[in-house]
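Student: I've got a structure open and I'd like to go through it. Can you pull it up on your side too?
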Amino acid sequence: MGPKKASSSKDKSSASSSTSKLKPATSINVRHILCEKHSRKEEALAALNSGKSFADVARDFSEDKARQGGSLGWKVRGSLLQDFEKVAYELEVSTVNAPKWGEVKTGEGYHIMM
């Protein structure tokens, strides 16, 4: 196998200038599944990985008031737990039928969010 091709400084500067024009989101529509136990979170992840919709998994596994498909609604920066918010704002945009999710553990338990 040959060496990897290094990108030129020209490639890097044009990429960084195009991404610097994008403004960070100030609010996001968040859904989550909250599980108190790690084993229950793993069961929820297995259901998601098998193709079940995020909303259905949230109704079946979430242990909080967001059982209505896991929706927490629109949240502005600074309104969520810091660790939760960091992961939530880094996620790709997705739908409940084709979710892209992240995970974080907080004092409330294990969160799977999209």
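**Working through the model**

Student: What share of the contacts between residues at least 6 apart in sequence join residues at least 24 apart?
Tutor: The share is 60%, counting contacts in the protein between residues at least 6 apart in sequence. Keep in mind that this is a predicted model.

Student: OK. How many helices and strands are there?
Tutor: The protein has 4 helices and 4 strands. Read from the N terminus, the order is α-β-α-α-β-α-β-β.

Student: And how much of the protein is buried?
Tutor: Of the 114 residues, 33% are buried. The accessible surface is about 7,800 Å², and carbon and sulfur atoms account for 51% of that surface.

Student: Let's do the inside. Which residues make up the largest nonpolar core?
Tutor: That core has 12 residues: Ile 33, Cys 35, Ala 44, Leu 45, Ala 47, Leu 48, Phe 54, Val 57, Ala 58, Phe 61, Ile 112 and Met 114. Two or more residues come from each of strand S1, helix H2 (38–49) and helix H3 (54–61).

Student: Is there something else apart from that core, and which residues are in it?
Tutor: Another core, of 9 residues, lies apart from it. Its members include Leu 80, Phe 84, Ala 88 and Val 104.

Student: Back to Phe 54. What does Phe 54 touch?
Tutor: Leaving out residues up to four places away in sequence, Phe 54 touches Arg 31, His 32, Ile 33, Leu 48, Gly 69, Val 96, Pro 99, Trp 101, Ile 112, Met 113 and Met 114.

Student: Arg 31 is on that list. Where does Arg 31 lie?
Tutor: Arg 31 lies in strand S1. Apart from neighbours within four places in sequence, the contacts of Arg 31 include Phe 54, Gln 68, Gly 70, Leu 72 and Met 113. Met 114 is 83 residues from Arg 31 in sequence, yet their C-alpha atoms are 5.4 Å apart.

Student: So is Arg 31 buried or exposed, and why?
Tutor: Neither label fits, because Arg 31 has 25% relative accessibility and so counts as partly exposed. Buried means under 20% and exposed means over 50%.

Student: Which residues of helix H4 are buried?
Tutor: H4 covers residues 82–90, and Phe 84, Glu 85, Val 87, Ala 88 and Tyr 89 are buried there.

Student: What covers those buried residues of H4?
Tutor: The cover includes strand S1 (27–35), strand S2 (71–76), strand S3 (102–106) and strand S4 (109–113).

Student: Different topic: pockets. What is the volume of the largest one?
Tutor: The largest pocket has a volume of about 400 Å³. It is lined by 16 residues, and the closest to its centre are Ile 28, Asn 29, Glu 92, Val 93 and Ser 94. S1 and H4 are the elements that give two or more residues to the lining.

Student: Which element gives the largest share of that lining?
Tutor: S1 gives the largest share, with 4 residues. By class, the lining of the largest pocket has 10 nonpolar, 3 polar and 3 charged residues.

Student: And what lines the second largest pocket?
Tutor: The lining is His 32, Leu 34, Asp 64, Lys 65, Leu 72, Leu 80, Leu 81, Phe 84, Glu 108 and His 111. By class, that gives 5 nonpolar, 2 polar and 3 charged residues. The space in the second largest pocket is about 160 Å³.

Student: Now the loops. Where is Ser 62, and is Ser 62 buried or exposed?
Tutor: Ser 62 is in the loop between H3 and S2. Ser 62 counts as buried because its relative accessibility is 0%. His 111 is 49 residues away from Ser 62 along the chain, and their C-alpha atoms are separated by 9.0 Å.

Student: What about Ser 53: buried or exposed?
Tutor: Ser 53 is buried, because its relative accessibility is 11%. Ser 53 lies in the loop between H2 and H3. Not counting residues up to four places away in sequence, Ser 53 touches Leu 48, Val 96 and Asn 97.

Student: Last one. Where does Ala 98 lie?
Tutor: Ala 98 lies in the loop between H4 and S3. Ala 98 is partly exposed, because its relative accessible area is 46%. Ala 98 and Gly 51 are 47 residues apart in sequence, with their C-alpha atoms 8.2 Å apart in space.

Key
Residues numbered from 1 in each chain as written. Predicted model: local features only at pLDDT ≥ 70, side-chain atom pairs only at ≥ 80, totals over all residues. Heavy atoms only, no water. Buried < 20%, exposed > 50% of the residue type's maximum accessible area, 1.4 Å probe, protein only. Contact = heavy atoms within 4.5 Å. Areas by Shrake-Rupley, 256 points an atom, 1.4 Å probe, with all protein chains shown as cover. Core = buried A, V, L, I, M, F, W, Y, C linked by side-chain atoms within 4.5 Å. 1 Å grid on protein atoms, 1.4 Å probe; cavity = no way out; pocket = protein on both sides within 12 Å on 5 of 7 lines; lining within 4 Å. Points joined across faces, edges and corners; volume = space filled by probe spheres on them. Nonpolar A, V, L, I, M, F, W, Y, C, P; charged D, E, K, R; others polar.
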